[in-house]
Amino acid sequence: MLKINNLSKTYKGGKKAVDNLSLNIERGDIYGFIGHNGAGKTTTIKCVTGILDFDEGDIFIDGISIRENPIECKKLLAYIPDNPDLYESMTGIQYLNFISDIFRISKADRERNIEKFSNSFELTKNLGDLISSYSHGMKQKLAIISALIHEPKLLILDEPFVGLDPKAAHILKEYMKEMCQKGSAIFFSTHVLEVAEKLCNKIAIIKDGKLIASGETQKVKGDSSLERVFLEVTDNEQY
Ligand SMILES: Nc1ncnc2c1ncn2[C@@H]1O[C@H](COP(=O)(O)OP(=O)(O)OP(=O)(O)O)[C@@H](O)[C@H]1O
């Protein structure tokens, strides 16, 4: 569903944020992406979602190149950034209808999905309010709802659990599992290793822009905890 081949990205100031990174995320995968601050997670995610151009490599979403056909790729994916930048002068429901229009969701489907996800995340009573009046967590919930309503084949999230209350975090995890059971794929960055360990069937660890471990969670962590393996491999000078 998502293939990253030998991706490299250097910022204008000369910082090589991603260095020859390759990953393959298949249907049904919940793929966790972990690494220290500044390791290159957000840069990778922004390249995958077509927000940032990159110097070398290829990215394919369901076989379609993000470089050559970004619009077709964007039809298949939803991206929830760590700090969602929403249209503050819209109400919540206006925003969800706007997203539904972009993704050409039918009236029946949008009504059903908006009701379902807004109820789950307890945002229904706030949908008539301006987004500018929302708290950080409410904005995050709205961004999540707007991603889920168009039933993306690929869901990409940057630090999704930061700022969510425990109930919302639990509900999001349940929906992530449900999506993958139905054949979608999820790729997300996190610093919460316990969540990654429990939720993800596959894990990638990035250090200084380079992939230093990846694959099935069970194989990456072996008999140890993910935290221990993460600390070992990221502290090891060999990498
Ligand atoms: N716009 C930019 N211009 C120049 N350098 C950048 C830019 N954005 C990020 N970087 C640098 O690229 C490297 C990777 O940053 P990135 O944001 O991808 O890391 P991250 O793994 O997402 O970190 P965090 O966990 O702190 O969010 C860092 O050294 C960062 O300083």
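Two strands count as paired if DSSP finds at least two bridges between them. The exercises below apply this to a predicted model.

**Exercise 1. Place strand 7 among its partners: how many bridges join strand 7 to strand 6 and to strand 8, and in which sense do they run?**

Step 1. Take the strand 6 side. Strand 6 covers residues 77-80, and four bridges join it to strand 7 in a parallel arrangement. One residue pair fixes the register here: Tyr-79 has Ile-156 of strand 7 as its bridge partner.

Step 2. Take the strand 8 side. Strand 8 covers residues 185-189 and is joined to strand 7 by five bridges, again running parallel. Leu-157 stands opposite Phe-188 of strand 8.

Step 3. Follow the chain from strand 7 to strand 8. Helix 6, residues 166-181, completes a β-α-β unit with these two strands, and the unit is right-handed.

**Exercise 2. Decide which faces of strand 7 are covered, and name the residues on each side.**

Step 1. Recall the general pattern. Side chains in a regular strand alternate between the two faces of the sheet.

Step 2. Sort the residues. Leu-154, Ile-156 and Asp-158 are on one side, while Leu-155 and Leu-157 are on the other.

Step 3. Apply the cut-off for burial, which is 20 or more other C-beta atoms within 10 Å. Five of the five residues in strand 7 (154-158) are buried, and both faces are therefore covered.

Step 4. Look at Ile-156 in detail. Beyond its neighbours within four places in sequence, Ile-156 is in contact with Ile-45, Val-48, Thr-49, Leu-77, Tyr-79, Phe-187 and Phe-188. Ile-156 is also listed, with Leu-2, Ile-145, Ile-186 and Phe-187, among the residues with the most contacts inside the largest nonpolar core, which has 63 residues. Helix 5 (residues 136-148) gives the most to this core, with six residues.

**Exercise 3. Lay out the sheet that contains strand 7: what is the strand order, and which strands are at the edges?**

Step 1. Write the order. Six strands form an open sheet, 6-7-8-3-9-10, with mixed pairing.

Step 2. Find the edges. Strand 6 and strand 10 (210-216) each pair on one side only. On average, neighbouring strands in this sheet are turned by 15° against each other, direction ignored.

Step 3. Check an antiparallel pair. Strand 9, residues 202-207, runs antiparallel to strand 10 and is joined to it by six bridges. In this pair Ile-203 stands opposite Gly-215 of strand 10.

Step 4. Add the helix. Helix 1 packs on the sheet, touching strand 3 (30-34), strand 7, strand 8 and strand 9, and its direction makes about 150° with that of strand 7.

**Exercise 4. Do the same for the four-strand sheet: what is its order, and why does one side of strand 2 and of strand 5 lack a neighbour in the sheet?**

Step 1. Write the order. The open sheet runs 2-1-4-5, and the pairing is antiparallel.

Step 2. Count partners at the edges. Strand 2 (16-25) and strand 5 (64-65) each have a single partner strand, so one side of each has no neighbour in the sheet.

Step 3. Examine one pair. Six bridges join strand 1 (residues 2-10) to strand 2 in the antiparallel sense, and Lys-16 in strand 2 is the bridge partner of Thr-10.

Step 4. Add helix 1 once more. Helix 1, residues 41-48, lies across strand 1, strand 2 and strand 4 (56-61), at about 120° to strand 1.

**Exercise 5. Judge helix 1: is it largely enclosed or open, and which of its residues are buried?**

Step 1. List the buried residues: Lys-41, Thr-43, Thr-44, Ile-45, Lys-46, Cys-47 and Val-48.

Step 2. Draw the conclusion. Seven of the eight residues are buried, so helix 1 is largely enclosed by the rest of the structure.

Step 3. Look past its end. Gly-50, just after helix 1, takes a positive phi of about 80°.

**Exercise 6. Locate Asn-20 and Asp-62, which have positive phi although neither is a glycine.**

Step 1. Asn-20, with phi of about 55°, is found in strand 2. Asn-20 is partly exposed, having 14 other C-beta atoms within 10 Å.

Step 2. Asp-62, with phi of about 50°, lies in the loop between strand 4 and strand 5. Asp-62 is partly exposed, having 16 other C-beta atoms within 10 Å.

Technical notes: Residues numbered from 1 in each chain as written. Predicted model: local features only at pLDDT ≥ 70, side-chain atom pairs only at ≥ 80, totals over all residues. Buried ≥ 20, exposed ≤ 12 C-beta atoms within 10 Å, placed from the backbone. Right-handed = clockwise from strand over helix to strand, strands pointing away. Contact = placed C-beta atoms within 7 Å. Axes fitted to C-alpha atoms, helices over the stretch in contact; angles between N-to-C directions. Core = buried A, V, L, I, M, F, W, Y, C linked by C-beta atoms within 7 Å.
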